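Subject: Structure handover

Hello,

Here is the structure I promised to pass on. Please open it next to this email and follow along.

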Amino acid sequence: QNPAACPPGQSCVGQKTQTAGIQEAIYYALNQSPIGSVLIRSGQYTDINTTIYVPSGIRIRGEGMFSTIISPNNPDLIIFKNMENAAFLEISHIGFAGTAYRGIDMSNCTTKGACVDIYIHDIRFNTQYIDCQIDMDGVGSSLLENIWNTASGATSNYSLRWSVEGDVVNIIGFRDGSQNGMLLYGQQISISRSQVNRITLNYNAGGAVRQLSIEQSVLNGYFYSVPTFAFLVPSGQVAVLENLTLKSVLYQQGSLSSIFDLSQMNGQLYFVTATFEDVVFNDGNQSVQVAWSNSLPSGASIGFYGYFPLKIKLTNITFNTWGTLQAPQGGAVYQTPPFTQKTNYTSLTFKKVLPFGTPSVPSSGTAVTNMNPHPVAVYLYGGNVTEVQIVKDGTAITVFSNSSGVSMAGQAFYLDTTDQI
């Protein structure tokens, strides 16, 4: 082998490659140009025994998801992994088989904003790996497109993990056969033209998902009667989903128990707006009830359990035989009409009547959290005030300071949801 194809400081002469030559090809390509391309020819690659590390500026392409097949047999192996804070260009047109821990792991991003504009597309997994198929944790605004996980089977793990603070998660054409599906968190999550069983929002990574939008997709399409959405909220934390939108969505699997699963949620969760437009429930869900209440109705049900959106908008919700929208019971109060059983509900907007109360003034140095699912204005009057701090996303900001102390005259401070003052 040409020593130029080996890592700096190492000689590979006389050695057998542990990565089917892919790692050597990557290093060789970068020696020729700061932006390098590696083509993996058609064939079955079974002799990959160590992780292939992907630096910045690399494009890796196979000759087709049914032609270039990477098939290791090592349950501890991560096949592709990015170098620290490395934003490669592309991985595409490859099929994955065999046994591994993870297929594509791009989570080695320790600096916010270092890993963006990554494109992974035309990838097929026909076996469920031990941990997950793709890990995008820490990767900023990027795109996954035309990803097939045809390994339909119950699993305690996820096909995709992608948590990134304050950025956009874009997923197009993800065909997912696993029961647990995706574990996601981001500023804005957009999923379209996909087939997914389950999506879990990972609020361990932060406090708010501004928007989760699913369009032109099939949900629960692989014969799992599991709730579509689940939430991981740590104890003592307030989580917010500002806008949940389902548009042109088909619920394919029958005997659906509910849309929302809050069994893993230990903190508090707020929905602000929920919009369902052109959502169809198939024949197997004919007795489903769409319930906006603080307790699920008896029998099969779709709805919130104990948590309420500020506003719900329904347009063209269709049951193939009949279904029921259940009026709220107890707890929160909605401006709603009575409901009857029918096959279609359209142009209904419900607004929750929120109780409003002013919290008591805390002792000096003690924070008060805005627990409302919307911003508030806090007015301070009187007292002898030397300093006011607002804590936003864990960062304390001094918004008022006077070393001698003054009486406040109705000064206003604005808090987003989960901000503290």
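Below is what was found, feature by feature.

Please keep in mind that this is a predicted model.

**The sheet**

Start with the open sheet. Nine strands form it, and their pairing is parallel. The order is β3-β6-β8-β10-β12-β14-β17-β20-β22. Which strands stand at the edges? They are β3 (52-54) and β22 (260-261). Each has a single partner strand, so one side of each is left without a neighbour in the sheet. As background, strands of a sheet pair through backbone hydrogen bonds, either parallel or antiparallel.

Two stretches of this sheet deserve a look. One is the pairing of β8 (residues 102-105) with β10 (residues 132-135). Three bridges join these strands, in the parallel sense. Asp105 stands opposite Asp135 in β10. Cys132 is buried, with a relative accessible area of 0%.

The other stretch is centred on β17 (residues 199-202). Strand β14 (residues 182-185) pairs with β17 over three bridges, in the parallel sense. Strand β20 (residues 229-232) also runs parallel to β17, and four bridges join the two.

Which way do the residues of β17 point? Ile199 and Leu201 point one way, Thr200 and Asn202 the other way. All of them are buried.

Leu201 is a good residue to click on. Leu201 lies in β17. Leu184 has Leu201 as its bridge partner in β17, and Leu201 has Phe231 as its bridge partner in β20. The relative accessible area of Leu201 is 1%; the cut-off for buried is under 20%, so Leu201 counts as buried. Gly186 is 15 residues from Leu201 in sequence. Their C-alpha atoms are 8.9 Å apart in space.

**The disulfide**

How many disulfides does a search of the whole structure find? The search finds one. Cys109 and Cys115 form it, with their sulfur atoms 2.2 Å apart. In general terms, a disulfide is a covalent bond between the sulfur atoms of two cysteines. The angle about the S-S bond is -105 degrees, and the link of Cys109 and Cys115 is left-handed.

Are the two cysteines buried or exposed? Cys109 is buried at 13% relative accessible area. Cys115 is buried at 1%.

**The aromatic pairs**

The count of aromatic pairs comes to five. One of them is Phe80 with Phe96. This pair is edge-to-face, at 6.2 Å centre to centre and 85 degrees between the planes. Phe80 lies in strand β6 (residues 78-82) and Phe96 in strand β7 (residues 90-96), so the pair ties together parts that are 16 residues apart in sequence. Phe80 is buried, at 0% relative accessibility. Phe96 is buried too, with a relative accessible area of 1%.

Phe125 and Tyr129 have ring centres 5.9 Å apart and planes at 85 degrees, so this pair is edge-to-face. Phe125 is buried at 1% relative accessible area. Tyr129 is buried at 1%. Ring pairs link Phe80, Phe96, Phe125 and Tyr129 into a cluster.

**Two backbone angles**

Most residues other than glycine have a negative phi. Two residues here have a positive value instead. Asp122 is not a glycine, yet has a positive phi of about 50 degrees. Asp122 sits in strand β9 (residues 119-125). Asn146 also has a positive phi, near 55 degrees. Asn146 is found in strand β11 (residues 142-153). At 25% relative accessibility, Asn146 counts as partly exposed.

**The second largest pocket**

Last, a pocket. About 410 Å³ of space lies in the second largest pocket. How many residues line it? The lining of the second largest pocket has 21 residues. Gly207, Asp393, Thr417, Thr418 and Asp419 lie nearest its centre. By type, the lining divides into four nonpolar, 11 polar and six charged residues.

Best wishes

Key. Residues numbered from 1 in each chain as written. Predicted model: local features only at pLDDT ≥ 70, side-chain atom pairs only at ≥ 80, totals over all residues. Heavy atoms only, no water. 1 Å grid on protein atoms, 1.4 Å probe; cavity = no way out; pocket = protein on both sides within 12 Å on 5 of 7 lines; lining within 4 Å. Points joined across faces, edges and corners; volume = space filled by probe spheres on them. Nonpolar A, V, L, I, M, F, W, Y, C, P; charged D, E, K, R; others polar. Disulfide = S-S within 2.5 Å. Buried < 20%, exposed > 50% of the residue type's maximum accessible area, 1.4 Å probe, protein only. Pairing = 2+ DSSP bridges. Phe/Tyr/Trp six-rings, centres within 6.5 Å; stacked < 30°, edge-to-face > 60°.
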